[in-house]
Amino acid sequence: NSFSEETWFQKYKLENDNCVEDTWRRVARDLASVEETEALQKQWASKFYSALEDFKFVPGGRITSNAGSGLKGTTYINCFVDGFIGKDQDSIEGIYSTLLRQAKILKSEGGYGFCCDVMRPKGSAITGIGNQSPGSVKLLELWDKSSEIITAGSGQKPKKGQKNFIRKGAQMVTMSCWHPDIVSFVEAKQTSGTLSKFNMSVLCTDGFMNAVNKELPWQLRFPNYEKYPKEYEKEWDGNIDKWITKRSGGPESIVLHHEFESAVELWDLIMNNTYNRNEPGVLFVDHMNHMNNLYYCETIAATNPCGEQPLPPYGACLLGSFNLTKYLYGDKNGWKFDYDLF
């Protein structure tokens with residue numbers, strides 16, 4: 001229809017694509033190009049085209065947009081989840097190295113998700129300069145502005161060999177319900193235009209939901225990095241439970257920033273902001289990790305920008321959609337599924 005044709009023209013049509021069939025041929029040939037012989041390439045290109053034809057299978061947008069384009073700087077993967085890396089993650093070097101990866105991912109047309117729990121809260125001391133941190137929510141403006149600039153384009157008519165459309169920056173940022181900046185995080189989008197390049201979600205733990213149900217107190221806390229500076233630099237990765245456990249649960253391992261008389265206060269704040277501004281969302285982080293069949297070797301704390309795919313740091317989601325109605329046929333005995341089409 002006219003709507004899908006407009007979408008194809010604006011987002012997926014390349015210079016030599018005169019119709020959607022040309023796009024399918026381009027994609028099929030490119031995916032088959034890794035085969036060792038020309039005969040195998042033709043064989044698999046035919047199979048791939050058959051899968052794409054009539055929209056039986058629609059691959060992720062980055063494949064449709066970039067396969068066969070010859071553009072070496074683009075990705076075939078729709079979305080990535082990042083994480084802070086190595087030692088001293090909550091440092092200017094750790095923060096800006098993560099920002100650099102975001103810039104490279106958005107430049108390649110990938111979506112970007114990450115958890116900002118690593119960054120210290122507003123008002124925290126910054127050792128060595130006698131100043132205080134602006135806080136994690138303020139620092140998110142770096143990612144927001146980076147996304148805006150990198151995916152802005154020129155606004156001018158595309159030239160030969162250039163696309164009709166630049167994928168706008170798609171981002172997800174998460175923050176845990178225990179982080180001292182969580183109130184600022186929840187209320188960020190009450191101010192129009194703030195962090196507008198992000199989807200935002202609160203990581204709700206089982207402990208928090210239990211406290212909500214039973215109307216128990218809830219604490220906002222952060223590692224006591226002034227008492228444990230070397231350990232903080234070496235070990236802190238945003239996992240508060242792991243940090244406390246390694247300190248044997250000692251009360252001096254953390255700094256208590258605020259205590260709600262009831263966790264319902266924070267829950268209601270989240271719900272009211274979600275109702276008024278459609279942000280933030282909620283992610284039941286402990287349940288996600290419990291259900292993850294790779295729980296023993298990875299921890300999930302974020303999703304892709306759309307929120308449907310929880311992923312560990314440095315994970316990626318390769319999207320695609322089957323139109324199952326194209327594989328069904330009916331006879332006197334009822335509906336059947338044509339497995340040969342797969």
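Here is a short chat about reading a few features of this predicted model.

Me: Let's start with the overall build. How many helices and strands does the chain have?

Reply: A tally of helices and strands gives a first outline of a fold. Here the chain has twelve helices and 16 strands, and its C-alpha atoms fill a box of roughly 65 × 55 × 40 Å along the principal axes.

Me: What share of the contacts with a separation of 6 or more comes from residues 24 or more positions apart?

Reply: That share tells you about pairings across sequence. In this chain it is 68%. As for burial, 41% of the 342 residues are buried.

Me: Take A28, then. Is it buried or exposed?

Reply: Burial is read from relative accessible area, and under 20% counts as buried. A28 has 1%, so it is buried. It sits in helix 2, residues 20-32. Leaving out residues up to four places away in sequence, A28 touches A45, F48, Y49 and L52.

Me: And how far is A28 from L269?

Reply: Their C-alpha atoms are separated by 49 Å, with the two positions 241 residues apart along the chain.

Me: Now the outside. Which residues make the nonpolar surface patch of about 370 Å²?

Reply: L294, Y295 and Y296 make that patch. Y296 lies in the loop between helix 12 (285-291) and strand 11 (302-303). Over 50% counts as exposed, and Y296 has 59%, so it is exposed. For the chain as a whole, about 19,300 Å² is exposed, with carbon and sulfur atoms supplying 52% of it.

Me: What about the charges: how far apart are the mean positions of the positive and negative ones?

Reply: For the 38 positive and 43 negative charges, the mean positions are 7 Å apart.

Definitions and conventions. Residues are numbered from 1 along each chain as its sequence is written. This is a predicted model: local features need pLDDT of at least 70, side-chain atom pairs count only at pLDDT 80 or more; totals for chains, interfaces and linings use all residues. Side-chain values use heavy atoms; hydrogens and water are left out. Helices (H or I, at least four residues) and strands (E, at least two) are DSSP runs, numbered from the N terminus. Buried means under 20% relative accessible area, exposed over 50%, partly exposed in between (1.4 Å probe, protein chains only). Contact means heavy atoms within 4.5 Å. Accessible areas come from the Shrake-Rupley method with a 1.4 Å probe; for residues, only the protein chains shown count as cover. Lys and Arg count as positive and Asp and Glu as negative; His and the chain ends are not counted. The place of a charge is taken as NZ of Lys, CZ of Arg, CG of Asp or CD of Glu. Patches are made of residues with over 30% relative accessible area and no salt bridge: like charges are joined within 9 Å, nonpolar side chains (Val, Leu, Ile, Met, Phe, Trp, Tyr) within 5 Å. A salt bridge is a side-chain nitrogen of Lys or Arg within 4 Å of a carboxyl oxygen of Asp or Glu.
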